[in-house]
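Got the viewer open and the cartoon showing? Let's take a walk through it, one selection at a time.

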Amino acid sequence: MNIEKTNQFGKIAISLEAIANVAGDQATLVYGVVGLVSKKAFLNPLGQFLKREDYADGVSVKKVKDGYEVSLYLVVSKDVKISEVTTEIQKQVHYALDRQFGMHFKAVNVFIQAVK
C-alpha cells in the first residue's frame, strides 16, 4: 500500500516501507534503544532484532481520521528511564517523518516489548 499526495507538480506515492525505514532509523538512534523487534514477536521478543531492511516488520503505519499513525515495537536498555526514552523516540520520529515526507502524523506510538 502507498500513501499518495498530489501537489501542483504532480502525484507523489510514498510507500509504507519508506516511512517504516525512516521511523526505525530515528528510533534506533535514541540513547537507550537496544533495537526493533517484530510486532508479531509477543512470545519471544528478544529472539531476533530486526535489521535495517526489515524495519517494516517492527513499525506499523495506518491511516486514521485526519492523518497517519505510526507504531514502533522496541526493546530498551534496563539502565534508562523508560518514560524519557519513549518521549524522546516520539519527538525524534515525529520530527523526522514531518520533515522527510511533509505529512501530518497524528501519533507516534511506542510499544516496549522487553527490557534488556
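What follows is a tour of two helices and then a few single residues.

Before you click: this is a predicted model, where local features need pLDDT of at least 70 and side-chain atom pairs count only at pLDDT 80 or more, while totals for chains, interfaces and linings use all residues. Residues are numbered from 1 along each chain as its sequence is written, and side-chain values use heavy atoms, with hydrogens and water left out.

**Stop 1: helix H2**

Select residues 82-101. That is H2, with 20 residues and 28 Å from its first C-alpha to its last, close to the 28 Å expected at 1.5 Å a residue. (Helices are DSSP runs of H or I with at least four residues, strands are E runs of at least two, and both are numbered from the N terminus; the expected span is 1.5 Å times one less than the number of residues.)

Now show side chains for Val-85, Thr-86, Ile-89, Val-93, Ala-96, Leu-97 and Phe-101, the buried residues of H2. Buried here is under 20% relative accessible area, exposed is over 50%, and partly exposed is in between, using a 1.4 Å probe and protein chains only. Look down the axis of H2: the buried residues fall within an arc of 105°, so they line one face of the helix. That arc is taken from the directions from the helix axis to the C-beta atoms.

Spin to the face turned away from the buried side and you meet the exposed residues Glu-84, Lys-91, Tyr-95 and Arg-99.

What covers the buried residues of H2? Among the elements to colour are strand S1 (2-7), strand S2 (10-15), helix H1 (16-29), strand S3 (33-36), strand S5 (67-76) and strand S6 (105-115). Before leaving, click Gly-102, which follows H2 and has a positive phi, near 60°.

**Stop 2: helix H1 and the crossing**

Select H1 next. Its 14 residues should span 20 Å at 1.5 Å a residue, and the end C-alpha atoms are indeed 20 Å apart. For its buried residues, pick Ile-19, Ala-20, Asn-21, Val-22, Ala-23, Gly-24 and Ala-27.

Show both helices together. H1 and H2 pack at an angle of about 140°, with their axes 9 Å apart. Axes are lines fitted to C-alpha atoms, for helices over the stretch in contact, and angles run from 0 to 180 degrees between N-to-C directions. H1 and H2 are therefore oblique to each other; under 35 degrees would count as roughly parallel, over 145 as roughly antiparallel, 65 to 115 as roughly perpendicular, and the rest is oblique.

Who makes the contact (heavy atoms within 4.5 Å)? From H1, take Ala-18, Ile-19, Val-22, Ala-23, Gln-26 and Ala-27; from H2, take Ile-89, Gln-92, Val-93, Ala-96, Leu-97, Gln-100 and Phe-101.

Stay on H1 for two clicks. Ala-18 is found in this helix and counts as partly exposed at 27% relative accessibility. Leu-29 is also placed in H1, and at 66% it counts as exposed. Try a distance from Leu-29 to Phe-49: they are 20 residues apart along the chain, with C-alpha atoms separated by 15 Å.

**Stop 3: Val-70**

Jump to Val-70 in strand S5. Buried or exposed? At 0% relative accessibility, Val-70 counts as buried. Leaving aside neighbours within four places in sequence, Val-70 is in contact with residues including Ile-19, Ala-23, Leu-97, Phe-105 and Val-108. Its C-alpha is 12 Å from that of Tyr-95, 25 residues away along the chain.

**Stop 4: two loops**

Ser-38 sits in the loop between S3 and strand S4 (59-64). Ser-38 is buried, with a relative accessible area of 19%. Beyond neighbours within four places in sequence, Ser-38 is in contact with Leu-50, Asp-57, Gly-58 and Gln-113.

Finish at Lys-65, in the loop between S4 and S5. Lys-65 counts as exposed at 83% relative accessibility.

Notes
Contact means heavy atoms within 4.5 Å.
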